[in-house]
Amino acid sequence: MSADKSINGRLMECARKEFLEKGFEKASLRNICRRAEVTTGALYKRFKGKEELFSSIVEDTSNFIFKCLKSKEELSKHPQSEEFLVNCWYMSDEVMLYWFRMIMERKEPFTMLLRCSSGTKYQDFEHDLATKMSESNYRFYLQAYKRGITKKKISESDLHIIDAVYWKAVCEPFIHDYSWEEIVTLTSNICSFMDYRRLLDIDDGLIMKYAKTKEKFVKNFFVEGHI
């Protein structure tokens with residue numbers, strides 16, 4: 001007799017509900033099986049335990065987001081143009097909403113990574129995002145500083161904290177279950193608050209020089225580049 005393929009779907013759906021309600025540590029495999037109307041034996045035929053079940057739900061979302069950041073990391077390891085080093089700090093509603101749309105498509109697993117992952121290998125997910133982003137940003141900053149695009153001195157640890165604030169602004173709406181309409185309003189506020197070019201004191205003349213190309217640059221660099 002062939003295996004009942006519907007069991008996987010029921011287990012995953014009931015596991016999502018259990019993890020979102022109770023978090024990883026308090027979630028019960030017995031409750032998940034009861035909800036899914038399967039035996040614990042059926043679960044263990046498919047998953048080694050609770051953490052593997054949790055990972056099966058969130059892994060694709062975690063991998064996707066870190067893959068997006070990877071392309072930015074690779075760019076930061078190579079010399080970039082003056083235009084790039086001026087406009088890569090520009091905060092755009094378009095870019096933020098692009099990020100939010102991608103995350104909304106993965107809302108439940110993303111929320112699980114933020115709220116429910118204590119006790120798993122994903123428990124530092126938000127911190128790891130900030131670390132990966134700040135590593136790339138600091139390399140871009142050093143290029144800009146060495147070329148006189150900015151004369152502002154900022155430490156790597158300070159920039160990490162600023163980038164952690166950025167990710168906090170991205171993550172908190174999902175922790176608080178914002179609607180899309182609320183996210184759209186928030187996006188404009190984030191972009192006004194997170195003004196990296198003002199923070200780094202990017203030369204005003206250079207900002208004006210590349211003002212006409214910044215929107216095209218942002219679209220190509222962030223959106224089409226999936227950063």
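How many of the 227 residues of the protein chain count as buried? In this predicted model, 46% of them do. The legends below begin with the whole chain and then turn to close-up views.

**Figure 1. Overall architecture of the protein chain, with 13 helices and 0 strands.** Read from the N terminus, the elements run α-α-α-α-α-α-α-α-α-α-α-α-α. The C-alpha trace spans about 70 × 35 × 30 Å along its principal axes. The accessible surface of the chain comes to about 12,200 Å², and carbon and sulfur atoms account for 52% of this area. Among contacts with a separation of 6 or more, 81% are made by residues 24 or more positions apart.

**Figure 2. The largest pocket and its lining.** The space in this pocket amounts to about 160 Å³. Its lining is made up of I162, V165, F193, M194, D195, Y196, R198 and L199. Two helices, α9 (156-175) and α11 (196-199), each supply at least two residues of the lining. Which helix gives the most to the lining? Helix α11 does, with 3 residues. By residue class, the lining divides into 6 nonpolar, no polar and 2 charged residues.

**Figure 3. Helix α7 and the elements packed against its buried residues.** The buried residues of α7 are P109, F110, T111, M112, L113 and L114. Against these buried residues pack α1 (6-26), α4 (50-76), α6 (93-104), α8 and α9. One of the buried residues, F110, also appears in the aromatic view that follows.

**Figure 4. The aromatic pair F110 and F125.** Across the whole structure, a search finds 14 aromatic pairs. F110 and F125 form an edge-to-face pair, with 5.8 Å from centre to centre and 80 degrees between the planes. F110 belongs to helix α7 (residues 107-115) and F125 to helix α8 (residues 125-146), so the pair ties together parts that are 15 residues apart in sequence. Both F110 and F125 are buried. These two residues also take part in one aromatic cluster, formed by F66, F100, F110, F125 and F174.

**Figure 5. The aromatic pair Y141 and Y145 in helix α8.** The rings of Y141 and Y145 form a tilted pair, 5.9 Å centre to centre, with 35 degrees between the planes. The two tyrosines are 4 residues apart in helix α8, so about one helical turn separates them. Are these residues buried or partly exposed? Y141 has a relative accessible area of 3% and is therefore buried, the limit being under 20%. Y145, at 30% relative accessibility, counts as partly exposed because this value falls between the 20% and 50% limits.

**Figure 6. Surroundings of N87 in helix α5.** N87 is found in helix α5, which comprises residues 82-87. The relative accessible area of N87 is 0%, and the residue is therefore buried. Which residues are in contact with N87, leaving aside its neighbours within four places in sequence? They are R197, Y210, T213, K214, F217 and V218.

**Figure 7. Surroundings of A36 in helix α2.** A36 lies in helix α2, which comprises residues 29-36. With a relative accessibility of 1%, A36 counts as buried. When neighbours within four places in sequence are left aside, A36 is in contact with R10, L11 and C14. The C-alpha atoms of A36 and E13 are separated by 8.1 Å, and the two residues are 23 residues apart along the chain.

**Figure 8. Position of E172 in helix α9.** Is E172 buried or partly exposed? Its relative accessible area is 24%, and E172 is therefore partly exposed, since buried residues must fall under 20%. E172 and L53 are 119 residues apart along the chain, and their C-alpha atoms are separated by 25 Å. Helix α9, in which E172 is found, also supplies at least two residues of the lining of the largest pocket, and α9 is one of the elements against which the buried residues of α7 pack.

Terms used. Residues numbered from 1 in each chain as written. Predicted model: local features only at pLDDT ≥ 70, side-chain atom pairs only at ≥ 80, totals over all residues. Heavy atoms only, no water. 1 Å grid on protein atoms, 1.4 Å probe; cavity = no way out; pocket = protein on both sides within 12 Å on 5 of 7 lines; lining within 4 Å. Points joined across faces, edges and corners; volume = space filled by probe spheres on them. Nonpolar A, V, L, I, M, F, W, Y, C, P; charged D, E, K, R; others polar. Buried < 20%, exposed > 50% of the residue type's maximum accessible area, 1.4 Å probe, protein only. Contact = heavy atoms within 4.5 Å. Areas by Shrake-Rupley, 256 points an atom, 1.4 Å probe, with all protein chains shown as cover. Phe/Tyr/Trp six-rings, centres within 6.5 Å; stacked < 30°, edge-to-face > 60°.
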